[in-house]
Amino acid sequence: MSAHAATHDHHGPVAWPRDAQYGTATPGKIGMWIFLVSDAFSFAAFLIANGILRSGAAVWQQPGEPPLGINFTAGLTVLLVLTSLTNVIGYTAAVQGKKKQATWLLALTALGGLLFLVGQYQEWFGIWGPGLVHEGLVFGHSARASIFYVTTGFHGLHVLAGVVYMLAVTVGYLRGKAGPGQIELMSLFWCFVDFVWIFVFTFIYLFP
Amino acid sequence: MESSPAADPSTSAPVHASLRESLLVFVVLGILVLFELGIVKMPGIARVPAMVALVALAVSKALLIGFFFMHLRSETRALKLTVLAPFLFPAVYALVLVGDAAWRMLR
């Protein structure tokens, strides 16, 4: 990228020039994409480990272990996809200068992320019903239990990080310290959380 | 909210998604989740075809999110390749390693 063509202003946004290979993608965006790809490999490692353990096990679901709640988790999946939608619409509103609309949509997205975490807590430990821990799926007692908690826990940490990141960017946006550029990077991370969940849902919950 | 070019120069690409398009993608993703539930809950579907169908549905959903919600479709070919090409490696590792474990189990 020809850095000399970039117009720098110490207090304003950077108008990044068009690059022959990467178009108008900013270094921040390319960096975020590379981070996300490397992060995806961590999830891939867990899911491959799940596949190896599962195909090498004579009995995968040990006696006394409960099945995973597919219907409930499908609901959580739709909730996460819905937050990606509100996130994308919020980003579009920010680009169009609709600050109030963008702020509400991003806050709604963060709320959806928190609801997902509540749902995951219910699934693990139980709030309005028994959780998997109480039903016999205990970390360390079987390969199935351990890979389940490690993989969904790792994803849950990403959701938590995404909520914190989103709230920080939204507050910065309200205070005029962040703009659509920062929201775009944060949106990439948030949609990535949804992206990897699709594979976690398929390989951990749905595979027969 | 219809699409319009980015007004802020700190955003790297124009806004490409319209509200209608984003809603359509959301609806399609929801329908694909229902398909997945149908495959899992419908009796009589053999294990291997079910697994192939579930993987195909997962990849379809991931591509929809990547291309539309993450705006990958409006990026250059070089950026698309930078992002998508590395995913071939874990796919190959999965086939080889999981296949090996399954083969040793059956042996």
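With which side chain does the side chain of B:Arg104 make a polar contact? In this predicted model, the partner is the side chain of B:Asp100, and the separation of the pair is 2.9 Å. B:Arg104 itself belongs to helix H4 of chain B, an element that covers residues 88-106. With a relative accessibility of 45%, B:Arg104 is classed as partly exposed, because that class lies between the limit for buried residues, under 20%, and the limit for exposed residues, over 50%. A further relation concerns B:Phe26, which is separated from B:Arg104 by 78 residues in sequence and, from C-alpha to C-alpha, by 41 Å in space.

The chain that holds this contact, chain B, contains four helices and zero strands, and its elements, read from the N terminus on, follow the order α-α-α-α. Chain B has 107 residues, of which 36% count as buried. When contacts in chain B between residues at least 6 apart in sequence are considered, 42% of them join residues at least 24 apart. The accessible surface of chain B amounts to about 6,100 Å², and 74% of this area belongs to carbon and sulfur atoms.

Chain A likewise is described by helices, for it has six of them and zero strands, arranged from the N terminus on as α-α-α-α-α-α. Its C-alpha trace spans about 65 × 35 × 20 Å along the principal axes. Of the 208 residues in chain A, 55% count as buried, and among contacts between residues at least 6 apart in sequence, 70% in chain A join residues at least 24 apart. About 8,900 Å² of surface is exposed by chain A, with carbon and sulfur atoms supplying 69% of that area.

Attention may now turn to the empty space in the model. The largest pocket holds about 1,400 Å³ of space. Its lining is made up of 42 residues, and those closest to the centre of the pocket are A:Phe199, A:Phe203, B:Val55, B:Ala91 and B:Ala94. Two or more lining residues are given by each of several helices, namely H1 (27-55) and H6 of chain A, and H2 (47-69), H3 (77-84) and H4 of chain B. Among these, H1(A) provides the largest share of the lining, with 13 residues. Sorted by class, the lining of the largest pocket consists of 35 nonpolar, five polar and two charged residues.

Enclosed space was examined as well. A search of the whole structure for cavities of 30 Å³ or more finds one, and the space in the largest cavity is about 50 Å³. Residues of chain A and chain B both take part in its lining: A:Lys29, A:Tyr91, A:Glu184, A:Ser187 and A:Leu188 are found there together with B:Phe69, B:Met70 and B:His71. Helix H6 of chain A, which runs over residues 180-206, contributes three residues and thereby the largest share of the cavity lining. In terms of class, the residues lining the largest cavity comprise four nonpolar, two polar and two charged ones. Helix H6 of chain A thus appears in the description of both spaces, since H6 also gives two or more residues to the lining of the largest pocket.

Conventions: Residues are numbered from 1 along each chain as its sequence is written. Chains are lettered from A and ligands numbered from 1 in the order in which they are written. This is a predicted model: local features need pLDDT of at least 70, side-chain atom pairs count only at pLDDT 80 or more; totals for chains, interfaces and linings use all residues. Side-chain values use heavy atoms; hydrogens and water are left out. On a 1 Å grid over the protein atoms alone, a cavity is a set of points where a 1.4 Å probe fits but cannot get out, and a pocket is an open set with protein on both sides within 12 Å along at least five of seven lines; lining residues have an atom within 4 Å of a point. Grid points are joined across faces, edges and corners, and a volume is the space filled by probe spheres set on the points. Ala, Val, Leu, Ile, Met, Phe, Trp, Tyr, Cys and Pro count as nonpolar, Asp, Glu, Lys and Arg as charged, and the others, Gly among them, as polar. Buried means under 20% relative accessible area, exposed over 50%, partly exposed in between (1.4 Å probe, protein chains only). A polar contact is a pair of N or O atoms within 3.5 Å; within protein, one must be able to donate a hydrogen and the other to accept it, and residues adjacent in sequence count only if both atoms are side-chain atoms. Contact means heavy atoms within 4.5 Å. Accessible areas come from the Shrake-Rupley method with a 1.4 Å probe; for residues, only the protein chains shown count as cover.
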